[in-house]
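User: Could you take a close look at the charged side-chain pairs in this one for me? I'd like to know which residues pair up and how each of them sits in the fold.

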Amino acid sequence: MDILHQIPTETKIKSELKKVLFGKTLFCPRCGSRHLKKYQGRHYCKRCRRPFTFTSITWLRGMKLSLSIFWLLLWCWENKLPVDQTRRVCGLSEPTVRNWYDKFREHLPQDKLSQIRLSGVIQMDEAYRGGKKKGYAIIGAKQKAEPNQQRKMVFQVVPKPSVDRSDAVNFLCQNVVPKSQLNTDGYSIYRGIDKWWPVQHQYERHNRWEFALTSEIEGEWGAYTTFVRRMYHHITREKVASVLQEFAARQMFPEWFRSPSSFLEVALQPISRIVRKPGKPRANFYQVKEPISSTNCLLNGLSLVPY
């Protein structure tokens, strides 16, 4: 494949993985020893006599792809290439591509995504998918961003075909800072919402052609539908929440998706070196986290549903 000539060599990819996981100095991830030897593509520790590779100590363990194909696959996901196009360019099957796309989504930095709180002027709305009997709902809110400010948005899947006031109040309690300005449509679940959570509420009537207060969040539903259609074609109901999280992350943290290196820096957890305590036998160690990187990563059936 000609496109592989644009992919770094496996040696450069290993060097990048080493930099993310270990920093400048390589050491044994089990005992912390720096006395290592390399044999047949693996590193062997002379102290604990255990082998390891840069993939076996991460969530990439058991990967059967070459590093070049893995890098190309990650590049395709970051650039929102459709599943069918990725399958052709990487020479992989569709289930393999979908499984890896799922794995990349699962390892987005959950610590940062879970700490998003909306404040200031907020637009809130709900959307419905899958019909009245077996469908589900999505509640979404978006903070109106000022110039040079980060875009913030939150989505939550409600596993039932309708949304009631308790769902809206629960969403506000979890994601909206008190005393914010909340803009919604005229749906009955929002009436008197400021009595349930301390916000300044304004609403508009869409049947009167009023759209100024909620135009941005209304536009997000169309953008999300287009994103799913173009990239995944279809998704299962069990994956809706994770795809929504990916959709929001791409808008809030575009720096994560600029290159495979950028994503690996936030998705791979740096290895903490185990230092031998002075004056103790070799078998007794305690763990010391060296400041290699401040980024941590949390690890996180199949009928098709509309998007």
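Analyst: Sure. Keep in mind that this is a predicted model. It has eleven salt bridges in total, and I'll walk through some of them.

Let's start with Asp 102, which pairs with Lys 239, their closest N and O atoms being 2.7 Å apart. Asp 102 belongs to helix 4 (residues 94–106), while Lys 239 sits in the loop between strand 9 (235–236) and helix 8 (240–252), so this salt bridge ties together parts that are 137 residues apart in sequence. Asp 102 is buried, at 12% relative accessible area, whereas Lys 239 comes out as partly exposed, at 26%.

Next up is Asp 167, whose side chain meets that of Lys 160 in a salt bridge with an N to O distance of 3.0 Å. Here Asp 167 is buried, with 16% relative accessible area, and Lys 160 is partly exposed at 28%. Coming back to Asp 102 and Lys 239, shared partners link them with Arg 105, Glu 246 and Arg 250 into one network of salt bridges.

Then there's a pair within one helix: Arg 88 and Asp 84 form a salt bridge at 3.2 Å, N to O. Both lie in helix 3 (residues 83–90), four residues apart, or about one turn of the helix. Asp 84 is partly exposed, with a relative accessible area of 36%.

One aside on the cysteines: there are zero disulfides here. The closest cysteine sulfur to that of Cys 45 is in Cys 31, and at 3.5 Å it is too far for a bond.

How values were computed: Residues are numbered from 1 along each chain as its sequence is written. This is a predicted model: local features need pLDDT of at least 70, side-chain atom pairs count only at pLDDT 80 or more; totals for chains, interfaces and linings use all residues. Side-chain values use heavy atoms; hydrogens and water are left out. A disulfide is a pair of cysteine sulfur atoms within 2.5 Å. A salt bridge is a side-chain nitrogen of Lys or Arg within 4 Å of a carboxyl oxygen of Asp or Glu. Helices (H or I, at least four residues) and strands (E, at least two) are DSSP runs, numbered from the N terminus. Buried means under 20% relative accessible area, exposed over 50%, partly exposed in between (1.4 Å probe, protein chains only).
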